[in-house]
Amino acid sequence: MLGLMQDRPLLISSLLTHAERYHPRSEVVSVTCEGETVRTDWAGIARRAKKAAQALRRLGVKPGDRVATLAWNTHRHLELYYAAAGIGAVLHTVNPRLFPEQIDYILNHGAAEVLLLDAPFLPLVDGLEDKLGKVKHRVVMTDANHMPKGRADLACYEALLASEDGTLDWPVFDEKQASGLCYTSGTTGNPKGVLYSHRSTVLHAFLCCQVDGLHLSRADSTLLAVPLFHVNAWGIPYASALCGAKLVLPGPKLDGQSLYDLSRAEKCSFSLGVPTVWIGLFKYLDEAGLKTSNLPFERVLMGGSAAPRALLERFHAAEIHAFQAWGMSETSPVATVATLLPHHKELPKAQQIDVLVRQGRAMFGVELRIVAEDGTELPHDGSASGELMVRGPWVTSGYYGGVGGQVVDKDGWFATGDVAKIDGEGFVTLTDRSKDVIKSGGEWISSIELENAALGHPAVEAAAVVGVTHDRWQERPLMLVVKKPGSSVAPAEVLAYLEDKVARWWLPDDVVFVESLPLTATGKLDKKVLREAWKDHLVKAGV
Ligand code: AMP
């Protein structure tokens with residue numbers, strides 16, 4: 001027997017309609033590429049999103065069509081999140097930090113006919129000129145005063161909006177329709193498109209607003225330091241409308257000083273970013289002689305790569321609750337969140353941090369398991385480690401256009417490529433990406449744990465550990481360290497510092513100081529580049 005409840009579709013437009021009705025005056029503050037601060041609110045975003053939707057339709061966008069963006073975190077990009085999805089089109093966010101060849105591939109594969117871009121990305125797009133065959137309309141996301149001169153081939157976003165009247169009823173359609181497209185960074189092979197649906201997006205937004213999720217609420221003023229151009233900015237553009245949170249969009253400036261000033265000016269209670277962003281912020285505080293307690297945040301969420309213990313400690317010492325979430329493009333992205341359980345609350349701070357350095361527990365809706373190389377399921381005992389598999393209503397079932405073939409097994413499990421342990425309470429600890437695993441004499445060494453331990457040393461600014469060729473053990477760990485400016489430390493001191501923090505046989509065979517470490521377009525350590533550059537180091541050095 002079927003239930004007799006109404007079958008109303010979960011549509012992205014309903015989030016905006018709700019925000020417009022119940023949180024109209026909750027602010028959206030945006031720093032534009034021209035450096036202006038634009039103040040609007042959810043009612044303003046809703047009004048302009050309708051005009052943007054009309055403009056997209058006028059450019060010929062139909063349901064199912066992709067609408068591509070190359071843009072920073074601004075109110076205009078936020079409007080397009082709602083405008084494109086609202087009319088049944090698919091917002092295809094493109095990461096401008098990727099290599100031009102990847103951007104070219106992604107834009108052609110997504111095959112959008114309309115590309116909206118921030119003016120600073122014009123040289124990048126011009127460089128791809130002959131290759132963007134499918135793009136018919138290029139719209140610069142700015143006003144008439146800031147339009148590039150003498151470019152009849154470009155439309156002006158504000159001019160397009162100005163010619164619309166904003167009267168539009170969001171259409172109602174199947175919640176399983178696609179709403180967004182984001183390509184994974186693709187460290188091997190071409191990038192692959194993850195295609196989100198209205199249903200997956202709205203369900204994921206609910207989870208962001210759970211107290212034991214990201215705890216986002218109307219009370220928050222949220223500084224969004226994760227880009228709108230990658231994995232839906234962790235779902236916050238949608239979740240903020242759901243709960244009516246104030247949203248602060250920093251535009252292109254993600255340096256420490258800009259984030260510090262903006263967060264204080266807008267009294268931001270919450271912020272989200274990859275660890276690199278927080279490292280940059282602390283660097284600024286140290287250089288400027290400012291205290292961590294000057295930051296206005298109550299909560300800070302890290303993700304995208306492992307949250308270094310030293311970062312968590314520094315926030316917590318200033319009574320800012322830093323925590324982390326794990327996920328990936330393929331999981332919308334949030335899948336696990338590290339929150340303290342009631343019995344952790346009594347523990348000393350250091351032991352609470354022991355909990356928070358883990359990647360967290362599955363949110364309702366997300367199922368997790370770990371499997372051995374032969375596919376057998378491993379126990380959740382906190383010591384067995386294997387590939388993390390995930391399943392759930394906001395987890396991908398396949399890549400756009402069928403690329404990569406069948407990516408879930410017969411029971412619907414998606415192999416994440418991450419290697420993890422899960423303990424009896426369900427806390428996941430990520431030890432590596434499967435391709436970054438260091439296998440020394442047949443045993444696994446966790447590069448993440450080694451890096452995390454090294455980051456606790458006061459002279460270490462950044463650390464990366466990669467497996468490099470070794471005559472006897474096939475592979476041994478090599479640690480590359482960037483020193484903090486003005487500090488001096490010897491390799492032996494770093495090794496001595498690590499001694500009581502990791503198993504003895506995990507200690508790197510060498511520590512080398514470098515000027516900087518390569519990062520991928522999504523802010524993760526680029527270990528492929530490091531492995532290639534350093535693969536013969538131990539053999540050559542005869543270590
Ligand atoms: P992306 O699809 O670009 O968002 O990258 C997803 C990958 O980032 C995951 O598969 C993990 O390897 C890594 N990642 C995300 N969050 C964390 C975290 N909290 N700790 C460690 N690695 C993470």
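This note goes through the domains, one domain interface, the ligand surroundings and the salt bridges of a predicted model.

1. On the overall division, the domain assignment splits the protein into three parts, namely domain 1 (12-337), domain 2 (342-416 + 427-433) and domain 3 (438-541). Domain 2 is thus given as two segments, 342-416 and 427-433. The centres of domain 1 and domain 3, taken over C-alpha atoms, are separated by 34 Å.

2. On the interface of domain 1 and domain 3, the contact involves 16 residues of domain 1 and 12 residues of domain 3. About 1,100 Å² of area is buried between these two domains, and carbon and sulfur atoms give 58% of that area.

3. On the polar side of this interface, the rule finds 1 salt bridge across domain 1 and domain 3, and it finds 4 residue pairs in polar contact, with both residues of each pair at pLDDT 80 or more. On the domain 1 side that touches domain 3, the elements that give two or more residues are helix H10 (275-288) and helix H11 (309-317). The residues of this domain 1 side divide into 6 nonpolar, 7 polar and 3 charged. A salt bridge joins Lys 283 to Glu 461, and the closest N and O atoms of the two residues are 3.5 Å apart. In position, Lys 283 falls within the range given for helix H10 (275-288), while Glu 461 falls within the range assigned to domain 3 (438-541).

4. On the ligand, 17 residues surround the molecule, and the closest are Gln 324, Ala 325, Ser 329, Asp 418 and Arg 433. For Gln 324, a polar side-chain atom lies 2.8 Å from a nitrogen atom of the ligand. The side chain of Asp 418 has an N or O atom 2.7 Å from an oxygen atom of the ligand, and a polar side-chain atom of Arg 433 is placed 2.9 Å from a ligand oxygen atom. With regard to the domain assignment, Gln 324 falls within domain 1 (12-337), and Arg 433 ends the second segment of domain 2, 427-433. Asp 418, by contrast, falls between the two segments of domain 2, 342-416 and 427-433.

5. On salt bridges in the model, the count by this rule comes to 32. One example is the pair of Glu 175 and Arg 199, whose side chains meet at 3.4 Å, N to O. This pair links distant parts of the chain, 24 residues apart, with Glu 175 in the loop between helix H6 (157-162) and strand S8 (178-183) and Arg 199 in helix H7 (residues 198-208).

Conventions. Residues numbered from 1 in each chain as written. Predicted model: local features only at pLDDT ≥ 70, side-chain atom pairs only at ≥ 80, totals over all residues. Heavy atoms only, no water. Domains from an automatic or database assignment. Contact = heavy atoms within 4.5 Å. Buried area = accessible area lost by both parts, 1.4 Å probe. Salt bridge = Lys/Arg side-chain N within 4 Å of Asp/Glu carboxyl O. Polar contact = N/O pair within 3.5 Å; in protein donor to acceptor, adjacent residues only side chain to side chain. Helix = DSSP H or I, 4+ residues; strand = E, 2+ residues; numbered from the N terminus. Nonpolar A, V, L, I, M, F, W, Y, C, P; charged D, E, K, R; others polar. Near = heavy atom within 4 Å.
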